[in-house]
Amino acid sequence: MPQPIVETRELTKYYGEVKAVDHLNLTVYEGELFGFLGPNGSGKTTTLLMLMGLTIPTSGTATVAGYDIVKESKEIRRVAGLLPEGAGYYEDLTARQNMDYIGQLNGIPKPEREKRIKELLEAVGLERWADTRVEKFSRGMKQRLGIAEVLIKRPKIAFFDEPTIGLDPQGVKEIRDIILRLNREEGLTVFYSSHLLYEVQQTCRRVGFIRNGRLIATDTIENLSKKVAGAEGKTLEFELTEITPKLVAEIRAIDGVASVEQEGLRLYVYMERDRSREVSETITKHGSVILLMRPREYSLEDIFLKYYEEV
Amino acid sequence: MRRFERMGVTIVFRKELADHLGSRRYLVLFALILLLSTMSAYQGVLYIRDRPQAGFMAIFWGAQFGFSFTYLMVFFGPIIGLALGFDAVNKERTSGSLSVLLSQPIYRDAVINGKFLAGVTALSILGVSTITIMSSLATTLLGFGPGAEDLLRITLIAALTILYLAFWLGLGLLFSTVTKKTSTSILMSIATWLLCSIMISIIAALVANMIAPIPMPSGPGANMTRLFESPEYRELIQRRFTIQSNIQRISPAYLYNEAVQAIMGRAGGFFFIGPGGGSPFRSLDISQALTMSWPQITAIAVGLVACFAASYILFLRLEIRPGG
Ligand SMILES: Nc1ncnc2c1ncn2[C@@H]1O[C@H](COP(=O)(O)OP(=O)(O)O)[C@@H](O)[C@H]1O
Ligand SMILES: [Mg+2]
């Protein structure tokens with residue numbers, strides 16, 4: 001049974017009238033790669049800031065690695081790393097000097113610090129740039145330095161807030177690969193916040209959807225997809241050689257078929273129960289040939305929008 | 001755990017100090033002050049050679065061309081202090097390094113304390129080494145050094161100079177905490193500097209002229225000399241002076257100047273005209289000097305504490321977000 005590492009209970013943050021985070025109940029387990037997905041302004045950053053003790057919740061509680069986010073926030077920052085949204089570095093210092101400062105602040109003794117810096121710069125592919133000033137770095141390189149800085153404390157959990165924002169596709173892939181590798185090979189628990197559905201789907205197994213500060217659903221992408229499909233019933237898409245109004249009317253009359261839509265030579269048949277056999281028999285009986293028959297696929301966007309529309 | 005808490009401040013302090021000491025901004029100001037103050041010490045030496053009774057302290061005020069040390073500090077002090085503070089917080093906020101820094105296991109006040117202490121240390125290095133270099137140069141050129149009392153006065157001046165520079169640092173730190181952009185805080189700093197070291201004396205003179213105008217004798221029979229020697233005229237000048245200095249006391253630079261003049265043993269210096277209009281160089285012993293300059297010193301110290309406390313409180317409440 002995996003142990004919870006982040007647990008929030010009715011966690012709430014108001015900025016005046018704005019409910020940035022609204023009674024959030026969330027559990028993240030040790031070793032998982034959890035996606036925190038929501039559109040801009042949905043409260044992801046606010047949640048992460050509260051979890052790291054950088055902003056105080058209006059109400060509710062949460063623990064990270066067993067520590068209370070209000071009373072023991074410094075302990076949390078010892079065992080949890082955050083790569084903040086829009087993280088920055090000391091431009092006139094080198095990558096190594098930047099990391100050394102962060103290492104010192106984490107109380108890592110010098111020999112150990114030097115060893116970790118070397119290892120981590122290698123792990124994020126910056127070993128050649130270790131002694132280059134950060135001002136010369138591309139965005140992608142800076143972001144990789146940020147990941148290395150998060151890891152220098154050997155965290156139990158790493159929070160990444162929109163880590164690929166503003167990067168080119170190559171940079172996005174590099175960041176994603178690093179994060180996936182950390183999770184798989186080092187067993188690092190990752191809390192990955194993003195507004196990009198595709199990216200979360202590529203990276204994370206379990207996802208929490210947040211909108212307007214409220215958690216709408218938490219599950220794996222497949223299960224969420226099934227749930228949407230289930231709620232919708234089953235839909236079949238046909239492509240036929242010929243469609244007559246009589247055929248449409250007859251399909252509609254089949255018990256269990258909710259509705260039929262025609263689009264040129266395509267038919268979309270919505271069923272409450274599985275009636276694929278009856279529907280195809282009816283079509284054949286009418287002398288039309290089925291060129292294509294498939295269950296309607298829900299794209300990720302459909303799922304995403306579905307969840308956002310519902311609440 | 002106490003040890004680790006102190007470590008946070010120490011680490012921030014060390015990094016910030018290294019940043020200052022290696023920064024072009026600091027080195028340029030340091031070089032400028034060093035150059036101008038050795039020049040003023042040299043002029044002070046010439047002054048002392050002409051008037052041996054002036055005493056060793058004259059190296060700080062005896063410059064006849066250009067700036068004396070006090071004048072240098074009145075003029076450049078604000079810019080030195082403000083330059084080390086004006087972007088301490090907002091630069092890190094905009095660059096995003098502050099949120100990375102605060103995600104480390106330290107308390108938030110370690111950051112502001114470390115930054116402030118590093119600034120004070122950099123300023124102390126600047127102030128103390130300038131004064132030391134001036135004194136050693138003068139000692140070499142004159143063939144005699146400061147006496148025990150002079151040494152005490154020099155130490156007091158150094159301490160007061162550090163306090164004064166720290167005040168400007170604190171104000172700069174406050175500007176950098178209340179503003180999000182360094183372009184705003186740099187403008188605030190320049191405006192403050194112009195106001196406190198240049199404009200204030202002009203404003204004070206204008207106000208004094210409005211409240212107590214000097215009557216211009218008119219008519220063919222007017223006797224200028226009679227007017228200038230009359231007790232009413234002298235009283236008027238005294239009143240104008242009082243008005244002017246009270247207005248200028250808004251500026252910490254003026255307070256600093258008054259206090260340093262007193263510590264140097266000069267009751268009537270550049271800004272002082274004795275009530276009797278007598279010798280401007282009535283000399284004060286150290287305890288007299290301290291008593292006399294105590295209100296000024298206190299005012300600067302209170303200003304420093306107020307600026308730092310305000311930045312400290314604001315910083316602890318700062319909402320750390322990307323882009324400010
Ligand atoms: N300092 C602030 N003052 C007022 N409102 C804020 C502040 N910070 C964030 N908000 C509001 O809180 C909401 C959540 O913001 P945020 O957590 O940044 O969302 P996300 O990271 O998901 O884009 C937004 O509506 C935003 O406008
Ligand atoms: Mg955000």
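In helix H1 of chain A, the residues A:Lys44, A:Thr45, A:Thr46, A:Thr47, A:Leu48, A:Leu49, A:Met50 and A:Leu51 are buried, where buried means under 20% relative accessible area, exposed means over 50%, and partly exposed is what falls in between (1.4 Å probe, protein chains only). That makes H1(A) a mostly covered helix, with eight of its eight residues buried. Helices here are DSSP runs of H or I with at least four residues, strands are runs of E with at least two, and both are numbered from the N terminus. The model is a predicted one, with local features needing pLDDT of at least 70, side-chain atom pairs counted only at pLDDT 80 or more, and totals for chains, interfaces and linings using all residues. Residues are numbered from 1 along each chain as its sequence is written, chains are lettered from A and ligands numbered from 1 in the order in which they are written, and side-chain values use heavy atoms, with hydrogens and water left out.

H1(A) also turns up at ligand 1, where it gives the most to the surrounding shell, with three residues. Strand S2 (18-29) of chain A joins helix H1 (44-51) in supplying at least two residues each. The shell holds 13 residues, and A:Gly41, A:Lys44, A:Thr45, A:Thr46 and B:Arg321 come nearest; a residue is near a molecule or strand if one of its heavy atoms lies within 4 Å of it. The site is shared between chains, because residues from both A and B surround ligand 1. Sorted by class, the shell has four nonpolar, six polar and three charged residues. Nonpolar covers Ala, Val, Leu, Ile, Met, Phe, Trp, Tyr, Cys and Pro, charged covers Asp, Glu, Lys and Arg, and the others, Gly among them, are polar.

As for polar contacts, these are pairs of N or O atoms within 3.5 Å; within protein, one must be able to donate a hydrogen and the other to accept it, and residues adjacent in sequence count only if both atoms are side-chain atoms. A polar backbone atom of A:Gly41 sits 2.6 Å from an oxygen atom of ligand 1, and a backbone N or O atom of A:Gly43 is 3.0 Å from a ligand 1 oxygen. The side chain of A:Thr45 places an N or O atom 2.6 Å from an oxygen atom of ligand 1. On its own, ligand 1 has 570 Å² of accessible area, and the protein covers 68% of that (Shrake-Rupley method with a 1.4 Å probe; for residues, only the protein chains shown count as cover).

A:Thr45 has a second partner in the magnesium ion (ligand 2), which is coordinated by A:Thr45 (OG1) and A:Glu85 (OE) at 2.0 to 2.4 Å. The two residues are 40 apart in the chain, with A:Thr45 in helix H1 and A:Glu85 in the loop between strand S6 (80-83) and helix H3 (95-105) of chain A. Donors are N, O and S atoms within 2.8 Å of the metal (3.2 Å for Na, K and Ca), and water is not among the atoms, so sites may look incomplete. A:Thr45 is buried at 12% relative accessible area, while A:Glu85, at 22%, counts as partly exposed.

Elsewhere in chain A, strands S1 (residues 4-15) and S4 (residues 59-64) pair in the antiparallel sense over five bridges, pairing being called when DSSP finds at least two bridges between strands. A:Val6 has A:Val64 in S4(A) as its bridge partner.
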